[in-house]
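Grab a notebook and work through these exercises with the model open beside you. Try each task before you read its solution.

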Amino acid sequence: MLHIVALLYAEPYYRKTVECLTACGLPVAFTERHRGSGSLSYAMNRGFEKVEAAAQFVWFTTDISFDPDVPRKLLEALEQNPALAAIHPAHPSDHLSHRPNGTGEVVEVPYLEFTAPMWRAADFRACGLLDENHWYWYQDLLISREARTLGRGLAVHHGAAVGHVYRRADAVLHPVTRAR
């Protein structure tokens with residue numbers, strides 16, 4: 001079964017993410033950072049622990065927007081590609097391999113960002129969860145490296161895109177965003 005672990009945000013723009021999560025009709029376990037500005041790794045690991053016993057697949061989400069069929073597309077791609085540990089929807093990214101390319105293809109990549117990856121729960125556990133020594137950056141590279149070390153694949157699905165805006169570039173930041 002697929003479960004969603006959703007990182008809560010205090011910023012008003014997060015309402016769109018909640019609308020998208022509600023529309024897809026899947027079980028959601030919300031998780032939050034310590035005092036609103038702590039470690040993403042800590043929050044996602046605690047969320048995973050909430051759903052691990054019941055979940056075969058876990059979709060970790062941050063502040064994204066998406067069509068209700070995106071989780072289904074990601075899940076189908078993982079089910080059709082048993083060598084993959086995880087898959088990420090295409091999205092506006094600093095990393096070219098994660099940006100939508102218009103092909104609709106599932107493309108294997110060397111690493112996944114942690115904006116909205118869907119993992120096989122057993123692979124996420126086997127990789128040792130996210131390194132909580134890293135608050136926001138590098139934990140995605142470390143867990144990707146661990147998946148590769150275990151011989152597991154990682155991919156981006158260019159037929160399942162999500163919206164994601166890097167808030168750090170906004171001119172006017174919410175006080176919680178500034179605290180991060």
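**Exercise 1.** Work out how the span of helix H2 (residues 40–51) compares with the expected one, and what the helix packs against.

*Solution.* Start with the length: H2, a DSSP run (helices are H or I, at least four residues; strands are E, at least two; both numbered from the N terminus), holds 12 residues. From first C-alpha to last, H2 reaches 17 Å, close to the 16 Å expected at 1.5 Å a residue; that expected span is 1.5 Å times one less than the number of residues.

Next, go to the N-terminal end. Serine 39 caps H2 there, with a side-chain oxygen 3.1 Å from the backbone nitrogen of serine 41.

Now look for residues that are buried (under 20% relative accessible area, with exposed over 50% and partly exposed in between; 1.4 Å probe, protein chains only). In H2 these are Leu40, Ser41, Ala43, Met44, Asn45, Gly47, Phe48 and Val51. They pack against strand S1 (2–7), strand S2 (28–31), S3, H4 and H5.

A word on the ground rules: this is a predicted model, where local features need pLDDT of at least 70 and side-chain atom pairs count only at pLDDT 80 or more, while totals for chains, interfaces and linings use all residues. Numbering runs from 1 along each chain as its sequence is written, and side-chain values use heavy atoms, leaving out hydrogens and water.

**Exercise 2.** Is methionine 44 buried or exposed, and which residues does it contact?

*Solution.* Methionine 44 sits in helix H2. Its relative accessible area is 0%, so it counts as buried. For contacts (heavy atoms within 4.5 Å), skip neighbours within four places in sequence: the list is Val5, Leu7, Thr31, Phe60, Thr61, Thr62, Phe114 and Leu130. Finally, check a long-range pair: methionine 44 and glutamate 132 are 88 residues apart in sequence, yet 9.6 Å apart C-alpha to C-alpha.

**Exercise 3.** Do the same for valine 58: where does it lie, and what does it touch?

*Solution.* Valine 58 belongs to strand S3 (residues 57–61). This one is buried too, because its relative accessible area is 0%. Not counting residues up to four places away, valine 58 touches several residues, among them Leu2, Phe48, Val51 and Trp119. Methionine 1 is 57 residues away in sequence and 8.5 Å away in space, C-alpha to C-alpha.

**Exercise 4.** What is the sign of phi at leucine 129, and where does this residue lie?

*Solution.* Phi is near 65 degrees, a positive value in a residue other than glycine. Most residues other than glycine have a negative phi. Leucine 129 lies in the loop between helix H4 (121–126) and helix H5 (139–149), and it is buried at 11% relative accessible area.

Terms used:
Polar contact = N/O pair within 3.5 Å; in protein donor to acceptor, adjacent residues only side chain to side chain.
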